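Grab a viewer and work through a few short exercises. Each one comes with its solution.

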Amino acid sequence: MKVGEKAPDFKLDASNGEQVSLEDYRGEKNIVLYFYPKDNTPG
């Protein structure tokens with residue numbers, strides 16, 4: 001993805017077990033997506 005490009009819709013399991021979709025928030029709020037390396041790895 002490039003800066004300013006729209007993210008594709010995806011679904012994830014929330015901590016409460018429900019599924020959350022990016023589409024649930026599209027057009028309603030500003031969303032910041034942050035991706036990080038696998039936990040407990042350098043970098």
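The exercises below go from the overall fold to the pockets.

This is a predicted model, where local features need pLDDT of at least 70, side-chain atom pairs count only at pLDDT 80 or more, and totals for chains, interfaces and linings use all residues. Residues are numbered from 1 along each chain as its sequence is written, and side-chain values use heavy atoms, leaving out hydrogens and water.

**Exercise 1.** Work out how many helices and strands the protein has.

*Solution.* Start with the DSSP runs: helices are H or I over at least four residues, strands E over at least two, numbered from the N terminus. That gives zero helices and two strands. Next, check the extent: the C-alpha trace spans about 35 × 30 × 15 Å along its principal axes.

**Exercise 2.** Find what share of the residues is buried.

*Solution.* Buried means under 20% relative accessible area (1.4 Å probe, protein chains only). Of the 43 residues, 7% pass.

**Exercise 3.** Describe the lining of the second largest pocket by class.

*Solution.* First, the volume of this pocket is about 220 Å³. Then pick out its centre: 13 residues line the pocket, and F10, L12, L22, I31 and L33 are the closest to that point. Now look at the elements: β1 (11-13) and β2 (19-21) each give two or more residues to the lining. Finally, sort by class: 11 residues are nonpolar, one is polar and one is charged.

Methods: Buried < 20%, exposed > 50% of the residue type's maximum accessible area, 1.4 Å probe, protein only. 1 Å grid on protein atoms, 1.4 Å probe; cavity = no way out; pocket = protein on both sides within 12 Å on 5 of 7 lines; lining within 4 Å. Points joined across faces, edges and corners; volume = space filled by probe spheres on them. Nonpolar A, V, L, I, M, F, W, Y, C, P; charged D, E, K, R; others polar.
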